[in-house]
Structure formats: structure tokens, C-alpha cells
Amino acid sequence: MTLKLSSLENVAKLKFPVVPLGSSPEDEASDATAGIAFMIPKKEISTVPDMGKWKRSQTVEKLLDLLATLDQWINETPPIDQPSRFGNKAFRTWFSKLDQEADVLVAAILPADKAAAASEIAVYLKESVGNPTRIDYGTGHEAAFAAFLCCLCKVGALRVDDQLAIVFKVFDRYLSVMRKLQKTYRMEPAGSQGVWGLDDFQFLPFIWGSSQFVDHPTLEPRHFINERVVNEHHQEYMFLECIKFINEMKTGPFAEHSNQLWNISAVPSWSKVNQGLIKMYKAECLEKFPVIQHFRFGSLLSIQPVTP
């Protein structure tokens, strides 16, 4: 998939950590993690009232190699014959490889002086691929990969000026691996709202993907439900790649199996689509206890309140 990197200013609406004027990304990463005692992230949201804590809390090529390794492991771990159609247990074998190798994979990405952070950051990588017990995947796992990338920014493995590549190369490659996992092991959607949800598995690529279309001279929101448009342009646009995957996985009228997206196609402009999706993500993912109860907090992504 070769995504266009033009007209992407609106990607900034979901930025990775920004460096203050007068300092370099490397200086900021060094300052932000100086003196930190890295720790294994843990769950901090055990009851609904704990959500208050959450709301107050404060390489590219090597990453592509890492994701290529995960992809190759899928090829090496074919699904097994089993009575149930969904949740193929071979996923647990695949996940066990990641569980064993995650620290080493992450260490290969980190600056030498931040090697001690590998075990902490690896937790987010392992959380980002789905649950091996339930053999499911959802927006909480997707958020864990965003957290993984954020941690890499904080320790200086990724630079702030890598933002477009982080989204449209690394995150895009992550999506392709997750889709392969979902199809190969018939993973269940985690916490799916069915026809009332935006998508069974993903959310962020719709936000970043819609930002690609802002000010597009010809393609409007109404066009993404046109299968011809999707087939012609999906390799260039993240949003259309998401629609293509839905079309491959689901049968029947689009308006019935993806009603939320069908409704979004009637919005007059991509900027309004983008703004609406950001609000929806905040409400449906970041502020939902069933999602955030599984999020883990450590030294890099802390549950401690922001200093006033």
C-alpha cells in the first residue's frame, strides 16, 4: 500500500508528543526520561470511578522490520482444525512467540542509553495484537499500539518529525498485520457494538484516513461507499483501505452491515467527518470503562495527575 503524504496537516489533531521551541527531539526525549525508573505497566482502572484518574494523566525502518517479523510468524503458524468457526487456537501459539520475544524486539529499536525501557514498552506491543485467552481484538488493543508508538517517541526512538511516517508507514503496516491476524485466526471483535459501531476492529485509521481527504479536489465523503472508487484508490488512502477490508469481510448491503459509516457518507465535508470522528473516538473509546479498564500504566505513560 502506497499512501499519499500530501495535504495531511489535519493529522496533527492526533499528535505524538510535541517538542517545545528551542529544544531538539533528542533533547526533549532525554529530559523527559532522565532519572526515570522504568517499570512494568499495570492496570490502574478497576472501577468506573477510577476513570477520573485516566482523564487527568499525563527507527521507522526498524519498526517495519519488527512488524514484518510478526507477519512472518503468522505464515509459520497456520490455523488448526477445530470444531468452532471463530477464535482459532493457533493464535495462542503465535502470541506465545511474541510474549517470549517482545523484549528483544523492542530493545533492538531503542537508543542504547534507553535499553532499560524495553520491558516496559514491550507490554504495549503485546497488548496491541489482541487477547490470547479470548482470541479477540478491538479498539483497546489498537490504542495500545498508539501507546507503544507514544512511548517510543518519549524515549527518543522516534522523532517528532517522523509523524507522517509513523502514521502512514508504521501504523499502516500494523493494520495490515492485524487484518491478517483477524482473517487467519478468525478473531472475535472485542466489545463490538455490532451494526451500531463504526467498525468491528479499528477506529484510528478512520480518523487519520479522513484527514488525508481534507481539501481533496474531487473525492467527497459520499464517494467512499462507491465500490469502484474504493477499488481504484484504496492503495493511496487509509480510509478507503479500511472500507475495502470491510467490503471483503462482510456481505449484504453496506447500509445494513456498516450503518454508522453509511450515515457518515452523508456528511458534507471531510473536515466535518474528521472532527466528528475525533469526538466519537473520545466518547466511545477513551472515555469508556470497558475499554480503558484494560489499559496499563507505567513510568512513561503514568496514571499520576498532571501537575497544575
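The exercises below deal with aromatic pairs in this predicted model.

**Exercise 1.** Classify the geometry of the ring pair F171 and W208, and state where each residue lies in the chain.

Solution.
1. A search of the whole structure finds 18 aromatic pairs. In one of them, F171 and W208, the ring centres are 5.0 Å apart and the planes meet at 80 degrees.
2. Planes over 60 degrees apart count as edge-to-face, so the F171 and W208 pair is edge-to-face.
3. F171 belongs to helix α7 (residues 163-184) and W208 to helix α8 (residues 204-213). With their positions 37 residues apart, the pair links distant parts of the chain.

**Exercise 2.** Decide whether F171 and W208 are buried or exposed.

Solution.
1. The cut-off for buried is under 20% relative accessible area.
2. F171 has 1% relative accessibility and therefore counts as buried.
3. W208 has 4% relative accessibility, so W208 counts as buried.

**Exercise 3.** Carry out the corresponding analysis for F213 and Y237.

Solution.
1. The centre-to-centre distance for F213 and Y237 is 4.5 Å, with 25 degrees between the planes. Stacked requires planes under 30 degrees apart, so this pair is stacked.
2. F213 sits in helix α8, while Y237 sits in the loop between α9 (227-233) and α10 (238-249). The two residues are 24 residues apart, and their pair links distant parts of the chain.
3. F213, at 1% relative accessibility, is buried. Y237 is buried too, with a relative accessible area of 5%.

**Exercise 4.** Name the residues that form one aromatic cluster with F213 and Y237.

Solution.
1. The other members of this cluster are F206, F224, F239 and W270.

Key. Residues numbered from 1 in each chain as written. Predicted model: local features only at pLDDT ≥ 70, side-chain atom pairs only at ≥ 80, totals over all residues. Heavy atoms only, no water. Phe/Tyr/Trp six-rings, centres within 6.5 Å; stacked < 30°, edge-to-face > 60°. Helix = DSSP H or I, 4+ residues; strand = E, 2+ residues; numbered from the N terminus. Buried < 20%, exposed > 50% of the residue type's maximum accessible area, 1.4 Å probe, protein only.
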